[in-house]
Amino acid sequence: GGSAAGGQARLDGYEIRTAAVMANVPCITTVQGLGAAVQGIEARRRGDVGVRSLQDWARALRPTADDAQAAQAAQDTEAARG
């Protein structure tokens, strides 16, 4: 089976990641990780990097009562038009 090859690949990956950390070199292993790195680099170049708590992010993402009322009004208007 592929277990011997898989075990070697896992060991190789571990050694690559360890060497990268020891050399202070970024090691990106997934497409999602690459996307996040690109977004971070772009934000840094724009000077758009800051610190926010998780609570601040949650508040910013949570719809407000005004948003809910506006959405309901839009639905009511659309329903009235038929």
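## Helix lengths

The expected span of a helix is 1.5 Å times one less than its number of residues. In this predicted model, that rule can be applied to helix α4, which covers residues 65–81. Because α4 has 17 residues, it should span 24 Å at 1.5 Å a residue, and its end C-alpha atoms are 25 Å apart, which agrees with the expectation.

Helix α2, made of residues 31–46, can be treated in the same manner. With its 16 residues, α2 reaches 23 Å from its first C-alpha to its last, which is close to the expected 22 Å.

## Where the backbone takes a positive phi

Two glycines are found just beyond helices that have already been described. Glycine 47 follows α2 and has a positive phi, near 75°, while glycine 82 comes just after α4 and takes a positive phi of about 70°.

Which residue has a positive phi although it is not a glycine? It is asparagine 24, with a phi of about 55°, and its place is in the loop between α1 (3–22) and α2. Asparagine 24 counts as exposed because its relative accessibility is 71%, and the cut-off for that word is over 50%.

## Salt bridges

How many salt bridges does the structure hold? There are 3, and each can be described by its partners and by the distance between their N and O atoms. In one of them, arginine 46 is joined to aspartate 48, with the closest N and O atoms 3.6 Å apart. Arginine 46 counts as exposed because it has 56% relative accessibility, and aspartate 48 is also exposed, with a relative accessible area of 51%.

Another salt bridge links arginine 59 with aspartate 56, whose closest N and O atoms are 2.6 Å apart. These two residues both belong to helix α3 (residues 54–61), where they are 3 residues apart, or about one turn of the helix. Aspartate 56 is described as partly exposed because its relative accessible area is 32%. The side chains of arginine 81 and glutamate 78 also meet in a salt bridge, at 3.7 Å from N to O. Because arginine 81 and glutamate 78 are 3 residues apart in α4, about one helical turn separates them. A general rule lies behind this spacing: an α-helix has 3.6 residues a turn, so residues three or four places apart point the same way. As for its surroundings, arginine 81 is exposed, with a relative accessible area of 65%.

## A nonpolar patch and an aromatic ring

The surface also carries a nonpolar patch, formed by Ile28, Leu34 and Val38, which together have about 250 Å² of accessible area. Leucine 34, one of these residues, lies in α2, and it is called partly exposed because its relative accessible area is 46%.

A search of the whole structure for aromatic pairs finds 0 of them. One aromatic ring nevertheless has a charged neighbour, since arginine 52 lies over the face of tryptophan 57, at 4.2 Å from the ring centre.

## Two alanines compared

Alanine 79 lies in helix α4 and is exposed, with a relative accessible area of 57%. How many residues separate alanine 79 from alanine 43 in sequence, and what is their distance in space? They are 36 residues apart in sequence and 42 Å apart in space, counted from C-alpha to C-alpha.

Terms used. Residues are numbered from 1 along each chain as its sequence is written. This is a predicted model: local features need pLDDT of at least 70, side-chain atom pairs count only at pLDDT 80 or more; totals for chains, interfaces and linings use all residues. Side-chain values use heavy atoms; hydrogens and water are left out. Rings of Phe, Tyr and Trp (its six-membered ring) pair if their centres lie within 6.5 Å; planes under 30 degrees apart count as stacked, over 60 as edge-to-face and the rest as tilted. A charge sits over a ring if NZ of Lys or CZ of Arg is within 6 Å of the ring centre and within 35 degrees of the ring normal. Patches are made of residues with over 30% relative accessible area and no salt bridge: like charges are joined within 9 Å, nonpolar side chains (Val, Leu, Ile, Met, Phe, Trp, Tyr) within 5 Å. Accessible areas come from the Shrake-Rupley method with a 1.4 Å probe; for residues, only the protein chains shown count as cover. A salt bridge is a side-chain nitrogen of Lys or Arg within 4 Å of a carboxyl oxygen of Asp or Glu. Helices (H or I, at least four residues) and strands (E, at least two) are DSSP runs, numbered from the N terminus. Buried means under 20% relative accessible area, exposed over 50%, partly exposed in between (1.4 Å probe, protein chains only).
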